[in-house]
Amino acid sequence: MVKIFVGNVPGACSAADLRGLFEAYGLVNECDVLGSYAFVHMEKEAEAKRAISELRGRLLRGSPLTVELATARLRNATKLYVGNVAEAATTRELQGLFERHGRVVECDIVKNYAFVHMEKERQALDAIRALSGTELAGQRIYVQLSKSNPVRGPAAAAGIPPGP
């Protein structure tokens, strides 16, 4: 799966509008509009590259779109693993839940689990304590540090090991 960043998205643009643009180039797994930018997940790399090439600069409701491969800007973010995510849950709902505890840098649902990257480790630890066991879209989620997240700072001091 390929993640594409779309910038300069006009205010009245919905995820369905953007999805329609990208589906002309291949299968779109997910499309989330977050204000003036969006992330589109396409199944095949060749289709994603063609969409990027052909949609970069295209006018959408008078705004030229910025379209490029998404790059990780998560150097110091704390990555959380969220398990037991309901199929009906949306990225927007999940992000909203975590934003009550701090700035969410990135949020991706992958089947029945998700990864949420929080700007500060303290905020991530607060989110773990507050949200593990809470209900989202009819299912209780559990939240822990991701195994691919180096344990440092307050988490290391508290002896909290990384999760999956």
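# Salt bridges, rings and a cavity: how do we know?

Modeller: Eight salt bridges are found in this structure, which is a predicted model.

Colleague: What makes glutamate 106 and lysine 3 a salt bridge?

Modeller: A side-chain nitrogen of Lys has to come within 4 Å of a carboxyl oxygen of Glu. For lysine 3 and glutamate 106 the N to O distance is 2.2 Å, so the pair meets the rule.

Colleague: Why do you say that this pair ties together parts of the chain?

Modeller: Glutamate 106 belongs to strand β8 and lysine 3 to strand β1 (residues 2–7), so the bridge joins parts that are 103 residues apart in sequence.

Colleague: Which other partner does lysine 3 have in a salt bridge?

Modeller: That is aspartate 108, with the closest N and O atoms 3.1 Å apart. Aspartate 108 lies in strand β8 and lysine 3 in strand β1, so this pair ties together parts that are 105 residues apart in sequence.

Colleague: Why is lysine 3 called buried?

Modeller: Buried means a relative accessible area under 20%. Lysine 3 has 17%, so it counts as buried. Aspartate 108 has 13%, so the label buried fits there too.

Colleague: What about glutamate 119 and arginine 103: how do you know that they form a salt bridge?

Modeller: Their closest N and O atoms are 3.3 Å apart, and the limit is 4 Å, so the pair qualifies. Glutamate 119 is in the loop between β9 (113–118) and α4 (121–131), and arginine 103 is in the loop between α3 and β8, so the bridge links parts that are 16 residues apart in sequence.

Colleague: Are glutamate 119 and arginine 103 buried or partly exposed?

Modeller: Partly exposed covers the range between 20% and 50%. Glutamate 119 has 35%, so it is partly exposed. Arginine 103 has 48%, so it is partly exposed as well.

Colleague: Which residues do shared partners join into one network?

Modeller: Lys3, Glu106 and Asp108 are joined in that way by their salt bridges.

Colleague: Let's turn to the rings. How many aromatic pairs are there?

Modeller: The structure has seven aromatic pairs. In one of them, the centres of phenylalanine 5 and phenylalanine 39 are 5.8 Å apart and the planes stand at 65°, so this pair is edge-to-face. The cut-offs are centres within 6.5 Å and, for edge-to-face, planes over 60 degrees apart.

Colleague: Why is the pair of tyrosine 81 and tyrosine 142 called tilted?

Modeller: Their centres are 6.1 Å apart and their planes are at 50°, so the pair is tilted. Stacked would need an angle under 30 degrees and edge-to-face one over 60. Tyrosine 81 is in strand β7 (residues 78–83) and tyrosine 142 in strand β12 (residues 142–145), 61 residues apart.

Colleague: What makes you place lysine 3 over the ring of phenylalanine 39?

Modeller: Lysine 3 lies over the face of that ring, at 4.4 Å from the ring centre, and the distance limit is 6 Å.

Colleague: Last, the empty space. How many cavities of 30 Å³ or more are counted?

Modeller: The count is one cavity, and the largest cavity holds about 100 Å³ of space. Its lining has 13 residues, and Leu34, Phe39, Gln95, Glu106 and Cys107 lie nearest its centre.

Colleague: Which element gives the most to that lining?

Modeller: Strand β8 does, with five residues. By class, the lining of the largest cavity has six nonpolar, three polar and four charged residues.

Notes
Residues numbered from 1 in each chain as written. Predicted model: local features only at pLDDT ≥ 70, side-chain atom pairs only at ≥ 80, totals over all residues. Heavy atoms only, no water. 1 Å grid on protein atoms, 1.4 Å probe; cavity = no way out; pocket = protein on both sides within 12 Å on 5 of 7 lines; lining within 4 Å. Points joined across faces, edges and corners; volume = space filled by probe spheres on them. Helix = DSSP H or I, 4+ residues; strand = E, 2+ residues; numbered from the N terminus. Nonpolar A, V, L, I, M, F, W, Y, C, P; charged D, E, K, R; others polar. Buried < 20%, exposed > 50% of the residue type's maximum accessible area, 1.4 Å probe, protein only. Phe/Tyr/Trp six-rings, centres within 6.5 Å; stacked < 30°, edge-to-face > 60°. Lys NZ or Arg CZ within 6 Å of the ring centre and 35° of its normal.
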